[in-house]
Amino acid sequence: MKRILTSSLLLLSVSLGVSAKIIYVTPEGNASANGTSWNTAVDKLSTAYSIAQKGDDIYMAAGKYIEMATVNMKEEVDVYGGFAKGQTSIDERIRPDASKPWFFTNETVVTGNGDFRLIDRADKETLWKQVIIDGISFKDFETSNGRVLYFRNSVLLQNSQVINCSCSNTIVYGEENFQIKDCYFAENGSFPLEKKAIAVQLRGYLQDCQSNSIENCLFENNDCQSFSIYNTATAGNPITTGGTYVEKCTFRGNKSTCISVSNQWEGRELKIQNCLFENNSSATTGTVFEGSSLAYFDFTHNIIRNNTNTTPVDGAWRNSILSVRSNGQFANNLIVNNTATQLLMDLQGSFVFNNTIANNIGTVYVGENYATLANSIVSGNTPGHKNKQVLAVENALVDHCLSDEEIVGESGSTVDNNLIEATTFVNPTTFKGATNEVDKIAQIQKADFSLLDASAAVNAGNMAFEEDYYMEAAWVASVMAKDVEGNDRITNGQINMGAYQGASNASGITENKADYGFVAVGNNQSIRVETAVSGTVYVYDLTGSCFSKNMISAGESISISVEKGIYLVSLNNKVTLKVLVK
């Protein structure tokens with residue numbers, strides 16, 4: 001009998017696999033229908049779940065679905081919205097704009113009427129196999145409950161929207177093998193208003209689990225904090241596997257912190273890369289980023305522009321655009337035209353390599369616990385705290401950086417190998433700080449902060465990452481392989497200061513007489529200038545001071561005596577060439 005029973009169970013499991021089905025849902029459906037076709041569709045998501053078994057899919061037609069109580073998911077039951085009635089394949093769904101994968105012509109909206117958690121799991125302890133939620137708009141739902149969408153673990157949320165929802169804690173919550181891709185989060189907030197909700201939180205706390213990730217998502221106009229990473233290890237159970245990865249996300253127009261991090265795992269990877277942060281504003285610490293980590297983490301190849309921290313002058317002086325309290329590794333980021341009353345960046349126990357930090361209002365604070373600022377450009381900024389562009393305190397290191405003024409550290413800091421240069425960028429903005437003016441916003445978006453070929457920052461960075469900055473070879477190979485524009489970061493064993501190794505646009509300057517009207521060559525403590533255009537030749541030192549001005553006629557050449565060093569030579573102040581005199 002035992003063998004017969006075993007065979008029967010096997011046959012039953014095969015039978016269940018074969019009988020996996022699609023359950024159809026329409027706004028006009030019937031709660032007592034079987035859901036086996038569009039003509040016999042059920043009425044709501046909760047109804048579909050009540051009759052679903054493992055392996056089933058739920059297809060939801062366009063329309064608005066109002067739930068009156070919490071909807072409990074089921075393991076291995078996938079949900080797809082965005083259908084027009086009659087469509088029978090997820091590939092038939094229409095998305096009119098490829099840049100907005102979450103937007104369907106036939107929108108499926110799931111909301112609720114009542115004070116409850118909209119989506120939940122009855123089974124909260126089991127680590128599920130992956131569940132897919134695809135093409136659903138969760139909209140206009142407010143609850144005093146701590147969560148709106150409690151996905152727990154092993155969910156892939158993709159091609160979906162969460163708009164105008166609010167709660168007292170976290171609107172979208174996931175942990176362990178939770179993945180979000182191609183989604184839109186907008187106009188979400190806190191309820192009650194005095195609470196500090198979070199639009200999306202990814203959490204990890206179990207050992208040997210798959211990683212959490214979020215990719216190609218847009219966070220826009222949220223009143224609450226946009227995104228949180230919270231990793232906690234249980235006592236006596238150190239975490240040595242997995243990670244959290246944020247890739248190609250945009251944060252725009254949000255009114256609280258964009259990303260906060262509390263990573264309490266010493267062995268858990270954390271990477272935030274290739275993201276755009278623009279037009280965000282807050283009065284809290286870290287408008288764009290705030291947090292700390294027990295493990296080193298990467299914040300790389302990001303663009304941070306036109307963000308504001310509105311803390312009053314007499315408020316908390318450490319409130320900033322970027323607040324990194326430990327173990328951050330910031331590399332190849334473009335940080336331009338942001339405004340902070342006190343600090344632009346608050347760096348503690350963190351490392352900043354090859355960032356371009358220009359035309360901001362606020363101070364770069366290289367702070368406690370051996371913070372390092374290296375290979376970076378800090379230029380054209382209006383100081384905030386203590387009237388300094390760069391403030392390096394005890395044990396801080398500022399090395400191989402370029403500024404338009406001398407960087408002087410406080411007692412106990414190390415400030416060395418830095419350069420001074422006034423003219424550096426191809427086409428920077430003409431103003432400093434953030435703005436609400438449409439024409440100036442357009443200027444920020446079109447600005448080119450890549451380097452003039454004549455800039456002293458070209459090939460002037462320190463390549464000794466492992467020896468001088470104690471960075472691992474694997475980190476250098478992976479993170480420093482490309483600059484912020486995707487150009488090869490290290491060329492011929494040399495590296496530029498700042499975020500750009502190559503040109504942002506095809507507007508780099510070369511010493512080409514036909515194109516620019518003149519050439520300038522350094523030799524034997526002199527600069528020889530030849531020109532095909534009449535005008536005035538200006539010679540500047542690296543502080544931006546002009547010490548020589550000479551008239552020149554077309555076809556002439558002149559020789560200007562100088563000491564050994566690097567100079568900037570301009571014809572009619574239109575094109576500037578860098579000249580090395582040995």
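Here are a few notes on a cavity, a small sheet and one serine in this predicted model.

1. Cavity first. Counting cavities of 30 Å³ or more gives 1, and the largest cavity has a volume of about 50 Å³. Its lining is made up of Leu45, Tyr49, Met73, Val79, Ile119, Ile133, Ile136, Phe138 and Phe151. Sorted by residue type, that lining comes out as 9 nonpolar, no polar and no charged.

2. Next, the sheet. It is an open one with 3 strands, ordered E46-E47-E50, and the pairing is antiparallel. Strand E46 (518–522) and strand E50 (557–561) sit at the edges with a single partner strand each, so each has one side without a neighbour in the sheet. From one strand to the next, the twist averages 20°.

3. A closer look at one pairing in that sheet. Strand E47 (residues 526–531) and E50 run antiparallel and are joined by 5 bridges. For a specific pair to check on screen, take Ser526, whose bridge partner in E50 is Ser561.

4. Now for Ser213, which belongs to strand E19 (residues 212–215). Is this residue buried or exposed? Ser213 is partly exposed: its relative accessible area is 22%, and the cut-off for buried is under 20%.

5. Ser213 also has company from elsewhere in the chain. Leaving out residues up to four places away in sequence, Ser213 touches Phe178, Gln179, Ile180, Leu202 and Tyr245. As for Leu270, 57 residues away along the chain, its C-alpha atom is 9.8 Å from that of Ser213.

Methods
Residues numbered from 1 in each chain as written. Predicted model: local features only at pLDDT ≥ 70, side-chain atom pairs only at ≥ 80, totals over all residues. Heavy atoms only, no water. 1 Å grid on protein atoms, 1.4 Å probe; cavity = no way out; pocket = protein on both sides within 12 Å on 5 of 7 lines; lining within 4 Å. Points joined across faces, edges and corners; volume = space filled by probe spheres on them. Nonpolar A, V, L, I, M, F, W, Y, C, P; charged D, E, K, R; others polar. Pairing = 2+ DSSP bridges. Helix = DSSP H or I, 4+ residues; strand = E, 2+ residues; numbered from the N terminus. Axes fitted to C-alpha atoms, helices over the stretch in contact; angles between N-to-C directions. Buried < 20%, exposed > 50% of the residue type's maximum accessible area, 1.4 Å probe, protein only. Contact = heavy atoms within 4.5 Å.
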